[in-house]
Amino acid sequence: MSMAVSGSTDVPFAAAPPRRTIHRQAFGLGLLLAPGLLILAAGLLWPCLTMLQVSLQDRFPDPTGYTLDHYRAVLSDAYYLRIIGRTFLLAGVVTLITAVLGFPVAWYLARSSSRRKHLIFLGIIAPLLVSIITRTLGWTIILGNEGLVNAILRGLGVIDEPLKLMQGFWSVVLGMVHILLPFMILSVAAVVGKIDRSCLEAATVLGADPLRRFLKVALPLSVQGIASGSVIVFCLTVGAFVTPVMLGRGQVSVLAVTIHEQMVVLVDWPTGAAAAMILTSGTLVVLAAYGLFLRRHARR
């Protein structure tokens, strides 16, 4: 019995690191995080606080007091409510389409052993080397009244007058999907490549058909990639300005365009700032709800 006790006392225990070491590690971590946090504060937090202050002022410049009338004006006006709804509808549709179109491509890039997938990968990232304005101009050349599509249909004798393929909601959706699809593909591929092949093999051995194997195994394991890609696409679509202006031709108003009009054209900074804060708050609410849904899904 004494030997057992003496033997137990010989077991080494890992000593806790001294407080000085912990403080040094925390200080080093703080130094690493400080530049990024300063840039984030200067480029995001400070402008948001300034915009919030402007939105609460009764006029700009030379305010005489603070008021919520600008928020009431935006949220009680049917015109602004339609624009808000159209903005988030556009973001939701673009996110859904990019997820549906991007998942098969991402799966091929991550799981295929073909040598050609490198060419497909270059084709996916190649549009990112071209500016958004250039790519949007390309769609105006294709969809315009004198564009490629109308020229082909006229040459075939299908139409006599050019079709109005632009100035519509779906033309903006098409342009946004083309611009943002690479972000979704790359986000999903990064997660799909980490899926253990034995999981799919086990589902096959247990008798799961390809559809059930995809719905019960592959898709749940890819949720994190789809989620990260969806957040990127959604946020970029909500704040899009160039593509709705160029492809919508003034017929597809979104909040970013309305904010520009209020501040630059009408020089009504408080109302424009209120619309900007509503856009930011609405986006954060949607992302928070999406994050809550993903947490519940992860617990399952």
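Me: Which residues are buried in helix α13?
Reply: Happy to start there, bearing in mind that this is a predicted model. Helix α13 spans residues 255-265. Its buried residues are Leu255, Ala256, Val257, Thr258, Ile259, Gln262 and Met263.

Me: And which residue just after α13 takes a positive phi?
Reply: Let's step past the end of that helix. Just after α13, a phi of about 55° is found, and the residue that takes it is Val267.

Me: Is Thr98 buried or exposed?
Reply: Thr98 sits in helix α4, which covers residues 78-111. The cut-off for buried is under 20% relative accessible area. Because Thr98 has 0% relative accessibility, it counts as buried.

Me: Which backbone oxygen does the side chain of Thr98 reach?
Reply: Good one to look at on screen. Leaving out residues up to four places away in sequence, Thr98 touches Phe103, Val177, Leu181, Met184 and Val233. Its side chain also comes to 2.9 Å from a backbone oxygen, that of Val94.

Me: Which helix gives the most to the largest nonpolar core?
Reply: The largest nonpolar core holds 29 residues, and Leu90, Val94, Val172, Val173, Met176, Leu180 and Val188 have the most contacts inside it. At least two residues each come from α4, α6 (132-143), α8 (169-192) and α11 (223-238). With 11 residues, the helix giving the most to this core is α8.

Me: How many residues are in the other core, which lies apart from it?
Reply: Among the members of that other core are Val54, Ala91, Val238 and Ala273. It lies apart from the largest one, and its residues number 19.

Terms used:
Residues are numbered from 1 along each chain as its sequence is written. This is a predicted model: local features need pLDDT of at least 70, side-chain atom pairs count only at pLDDT 80 or more; totals for chains, interfaces and linings use all residues. Side-chain values use heavy atoms; hydrogens and water are left out. Helices (H or I, at least four residues) and strands (E, at least two) are DSSP runs, numbered from the N terminus. Buried means under 20% relative accessible area, exposed over 50%, partly exposed in between (1.4 Å probe, protein chains only). A polar contact is a pair of N or O atoms within 3.5 Å; within protein, one must be able to donate a hydrogen and the other to accept it, and residues adjacent in sequence count only if both atoms are side-chain atoms. Contact means heavy atoms within 4.5 Å. A nonpolar core is a set of buried Ala, Val, Leu, Ile, Met, Phe, Trp, Tyr and Cys residues joined through side-chain atoms within 4.5 Å.
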